[in-house]
Amino acid sequence: ELTTVTAKTHRPICKLAINAGYFNVHNGACIGNVVSDGQIIQTVPLSQGNVNFGIKDGKFYIGYFSPEDISMVDFDHLVSG
């Protein structure tokens, strides 16, 4: 379900919402690194990436991460943007 970050109703209920991550304006596909609920959805080479915001065990991580970094850290959630 597509929704905006500012929408009052999210399903499932969000604990945190951020307006981050680039997307393809023609088809809505994400561009960049995405990890959701511990599953790596997609990664891009470090040379093509942007800064990332990640969460692991309740701690925040911000920086530039390679696909190898993302696999090793085992993030709970991560998005680049």
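What is the relative accessibility of aspartate 74? Its value is 46%, so aspartate 74 counts as partly exposed. Here, buried means under 20% relative accessible area, exposed means over 50%, and partly exposed lies in between (1.4 Å probe, protein chains only).

A word before the views: this is a predicted model, in which local features need pLDDT of at least 70 and side-chain atom pairs count only at pLDDT 80 or more, while totals for chains, interfaces and linings use all residues. Residues are numbered from 1 along each chain as its sequence is written, and side-chain values use heavy atoms, with hydrogens and water left out.

**View 1. The protein chain combines one helix with seven strands.** Helices (H or I, at least four residues) and strands (E, at least two) are DSSP runs, numbered from the N terminus. Follow the chain along its sequence and you meet the pattern β-β-β-β-β-β-α-β. Of the 81 residues in the protein chain, 23% are buried. A contact here means heavy atoms within 4.5 Å. Taking contacts between residues at least 6 apart in sequence, 44% join residues at least 24 apart.

**View 2. Five strands line up in an open, antiparallel sheet.** Strands count as paired if DSSP finds at least two bridges between them. Walking across the sheet, you pass the strands in the order S4-S3-S7-S5-S6. At the edges are strand S4 (39-42) and strand S6 (59-63), each pairing on one side only. On average, neighbouring strands of this sheet are turned by 20° against each other, direction ignored. For that angle, axes are lines fitted to C-alpha atoms (for helices over the stretch in contact), and angles run from 0 to 180 degrees between N-to-C directions.

**View 3. Strand S5 has bridges to S6 and to S7.** Five bridges connect S5 (residues 52-56) with S6, and four connect S5 with S7. Where can you start tracing them? Try asparagine 52: its bridge partner in S6 is glycine 63, and in S7 it stands opposite serine 80. Strand S7 also meets S3 (residues 34-36), through two bridges, and these strands run antiparallel. There, valine 35 stands opposite leucine 78 of S7.

**View 4. Five residues build the largest nonpolar core.** They are Val35, Phe65, Ile70, Phe75 and Leu78. A nonpolar core is a set of buried Ala, Val, Leu, Ile, Met, Phe, Trp, Tyr and Cys residues joined through side-chain atoms within 4.5 Å. Take a good look at phenylalanine 75, which is buried with a relative accessible area of 2%. Leaving aside residues up to four places away in sequence, phenylalanine 75 touches Val35, Gly38, Gly54, Ile55, Lys56, Tyr61, Phe65 and Ile70.

**View 5. Tyr61, Phe65 and Phe75 form one aromatic cluster.** Rings of Phe, Tyr and Trp (its six-membered ring) pair if their centres lie within 6.5 Å; planes under 30 degrees apart count as stacked, over 60 as edge-to-face and the rest as tilted. Three aromatic pairs turn up in a search of the whole structure. In one of them, the ring centres of tyrosine 61 and phenylalanine 75 are 5.6 Å apart and the planes stand at 85°, so this pair is edge-to-face. Tyrosine 61 sits in strand S6 and phenylalanine 75 in the loop between helix H1 (67-73) and strand S7 (77-80), so the pair ties together parts that are 14 residues apart in sequence. With 31% relative accessibility, tyrosine 61 is partly exposed.

**View 6. Aspartate 57 and lysine 56 form a salt bridge.** A salt bridge is a side-chain nitrogen of Lys or Arg within 4 Å of a carboxyl oxygen of Asp or Glu. Side chains of opposite charge can pair when their charged atoms come close. The structure holds one salt bridge, and the closest N and O atoms of aspartate 57 and lysine 56 are 3.7 Å apart. Aspartate 57 belongs to the loop between S5 and S6 and counts as exposed, at 60% relative accessibility.

**View 7. Two aspartates have a positive phi: aspartate 57 and aspartate 74.** Phi is near 50° in aspartate 57 and near 60° in aspartate 74. You will find aspartate 74 in the loop between H1 and S7.

**View 8. Proline 45 lies in the loop between S4 and S5.** Its relative accessible area is 41%, so proline 45 is partly exposed. Now look for glutamate 68: its C-alpha atom is 9.3 Å from that of proline 45, with their places 23 residues apart along the chain.
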